[in-house]
Amino acid sequence: MMFPAEVLQAIWLTLRLATTATLLLLLIGTPLAWWLARTHSWLRGPVAAVVALPLVLPPTVLGFYLLLALAPAGPIGQLTGALGLGSLAFTFEGLVIGSILYSLPFVVQPIQNAFHAMGDGPLEVAATFGAGPWKRFFTVAIPLARPGFISGSILGFAHTVGEFGVVLMIGGNIPGETRVVSVQIYEQVEALQFAEAHWLAGSMVVFSFLVLLVVYGSLGRRAVPGMRFGS
Amino acid sequence: MHVRIAYAMAQPAGGEFRLEVDVEIPARGITCVFGASGSGKSTLLRCLAGLDRPQSAWIKVEGEIWQDETRLLPTHSRRIGYVFQDASLLPHLSARRNLHYGRDPGSDADTADAVKLLGIDHLLDKNPRQLSGGERQRVALARALLSRPRLLLLDEPLSALDVARKQELLPYLQRLPEQLDCPIVYVTHSPDEVARLAAHVLVLDEGRCVARGSVTELMASRQLPVNAAGESGVVLETAIAGLDAEWNLAKAEFADGSMLIPDPGVTAGGLIRLRILARDISLSHAVEAHSSILNRLPATVLRIEESPDAAMCMVHLQVGENSRLLSRVSRKSARRLKLAPGSSIFAEIKSVAILQ
């Protein structure tokens, strides 16, 4: 057996976290990306800056504020408390919220760039073909922005797999609940289990390489929308 | 249909562009909107489609109000066909799915007719990316025909094509009025396309309509701003009255006379549009017996356009009751012939272009 049970548990937890976060990010990120790509509102600049904040902030800063927000006295904590869910700090759900914020730009920006690159042309053509706004969005905008959705999903997933600082701040280190792969590696190194750490860390390197190979290799012939940050 | 638009739009370079038109567009036939780049032609078309939203407009098509002070019908609720300069198709769908996208595309028989008419049968399973510019425009035209529009809008549909492809597409465009019983608005900056396609013309300049009327009127009165003087000329609608098989000639009759033209391959009774450029008409007093000129029409000088600093002048001629010709001759010749309004003269036609 290559990995002991606790490591497998960490891997499974990480995949579950990244999948959940990526799916929710697609739901939240798509309308956000659409709005950012098409609005002329003055709010566009501030909103784009907020979305991009996780790119530049140390994860500990994000984690610190999230911890305060999720705590029973914080705004999210009060809400979840009122709903009878208790505080989400140090829970899997809390990690999902943290991951969504942390990986938001990696999903929103490729989709936003794809919507932007598509231009008004195809949407105007669809309108002259008699398609209303919803039909235009689902039958024209989304199919044409597919490369953006693919790279956004891959990058969002991979980035969530690789997060460490936010997890440590708001998730702690609870096996099966919040101990993801990156935290597991940290644990192993702290315990001087270098051989085990090698296996897991090496696997992460291979995984990340393969993901980027897919993004740059298969999508690279077209422009990769995700690789151009900012608007 | 009636169109009144007042539209002020901010320019990316600063300042603003104003489009102000108030025109009646004939319910049938091709109306060409002619003008230089930046005259507002495409903007007018986009306003008719609802893609641009003018601050104030009154657009009424076949009794249905598309825009007035209180209402604005969105683009997808207007029954229009729109052929853009290049990208008139959805790039991610095959030609066939483009034909069927959106509202009820009519019966299979209609589809078969349109596909046959435009010769696009072999293109249906290809993506727009795999089609040439001319093929894409033919698919777009088929789509426009199929949608049974109440208004067909064409925005320089030939401008992205090379000369050979233009010639290939023109016959399809010329047949549009037979296929569609609705106003057809065709934007172009090409005098040649106006001469070939238009029944009516609107001339736009800096957002205003500076001339409008039938193509024969406007061409004859030189109200179409044409860049080179060599392009001036008239358009005549003629009917083929007889064929002379020995010399491959046909007799083309117009309201006030007739001409011999190279056999256009049309049976007797067929309608032919001719264009005669001003530089191809010379003037003489006597009927020259020894000349290669076939067509010589008696005419009366209406007026002479000349300026002292140019060698050439433009002579406006009347033939019979209603037909007009233009002749471009040197000022020296005009003086030698003692031309003046009212003079009788023979117009010798050196060449005739058969447009359709």
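## Exercises on a predicted two-chain model

Between chain A and chain B, the contact draws 14 residues from chain A and 15 residues from chain B. Keep in mind as you work that this is a predicted model.

### Exercise 1: the side of chain A that touches chain B

Find which helices of chain A each supply at least two residues of the side that touches chain B, and work out what kinds of residue make up that side.

*Step 1.* Start with the helices. Both α6 (121-128) and α7 (133-144) of chain A supply at least two residues each to the side that touches chain B.

*Step 2.* Now look for the largest share. That comes from α6(A), with seven residues.

*Step 3.* Finally, sort the residues of this side of chain A by kind: nine are nonpolar, four polar and one charged.

### Exercise 2: two helix pairs in chain A

Describe how α1 and α8 of chain A pack, then do the corresponding analysis for α3 and α5 of chain A.

*Step 1.* Two packed helices are described by the angle between their axes and the distance between the axes. For helix α1 (residues 5-38) and helix α8 (residues 146-161) of chain A, the axes come within 9 Å and cross at roughly 140°.

*Step 2.* Classify the angle. Angles over 145 degrees would count as roughly antiparallel, and α1(A) and α8(A) are therefore oblique to each other. Their crossing is right-handed.

*Step 3.* Locate the contact. On α1(A), it is made by A:T14, A:L17, A:A18, A:A21, A:T22, A:L25, A:L26 and A:G29; on α8(A), by A:G152, A:S153, A:G156, A:F157, A:T160 and A:V161. These residues divide into seven nonpolar and seven polar, with no charged ones.

*Step 4.* Turn to the other pair. Helix α3 (residues 59-70) and helix α5 (residues 92-118) of chain A pack at an angle of about 135°, and their axes are 11 Å apart. That angle makes α3(A) oblique to α5(A), and α3(A) passes α5(A) in a right-handed crossing.

*Step 5.* List the contact residues here too. From α3(A) come A:P59, A:L62, A:G63, A:L66 and A:L70, and from α5(A) come A:G94, A:G98, A:L101 and A:Y102. Six residues of this contact are nonpolar, three are polar and none is charged.

### Exercise 3: a sheet in chain B

Trace the open sheet of five strands in chain B and work out which strands stand at its edges.

*Step 1.* Write down the strand order: β15-β19-β16-β17-β18, with antiparallel pairing.

*Step 2.* Read off the ends. β15 (281-284) and β18 (323-330) of chain B are the edge strands; each has a single partner strand, so one side of each lacks a neighbour in the sheet.

*Step 3.* Zoom in on one edge. β15(B) runs antiparallel to strand β19 (residues 344-349) of chain B, and four bridges join them. Here B:L283 stands opposite B:A347 in β19(B).

*Step 4.* Add the twist: on average, with direction ignored, neighbouring strands of this sheet are turned by 45° against each other.

### Exercise 4: the two domains of chain B

Give the bounds of the domains of chain B and describe the contact between them.

*Step 1.* The domain assignment gives domain 1 (2-230) and domain 2 (233-354) for chain B. Taken over C-alpha atoms, the centres of these two domains are separated by 33 Å.

*Step 2.* Count each side: eight residues of domain 1 and 10 residues of domain 2 of chain B take part in the contact.

*Step 3.* Look at the domain 1 side. Its largest share, four residues, comes from helix α8 (residues 215-220) of chain B. By kind, this side has five nonpolar, two polar and one charged residue.

How values were computed: Residues are numbered from 1 along each chain as its sequence is written. Chains are lettered from A and ligands numbered from 1 in the order in which they are written. This is a predicted model: local features need pLDDT of at least 70, side-chain atom pairs count only at pLDDT 80 or more; totals for chains, interfaces and linings use all residues. Axes are lines fitted to C-alpha atoms, for helices over the stretch in contact, and angles run from 0 to 180 degrees between N-to-C directions. Angles under 35 degrees count as roughly parallel, over 145 as roughly antiparallel, 65 to 115 as roughly perpendicular and the rest as oblique. A crossing is left-handed if the near helix is turned anticlockwise from the far one by less than a right angle, and right-handed if clockwise. Two residues are in contact if their C-beta atoms, placed from the backbone, lie within 7 Å. Ala, Val, Leu, Ile, Met, Phe, Trp, Tyr, Cys and Pro count as nonpolar, Asp, Glu, Lys and Arg as charged, and the others, Gly among them, as polar. Two strands pair if DSSP finds at least two bridges between them. Domain bounds come from an automatic or database domain assignment.
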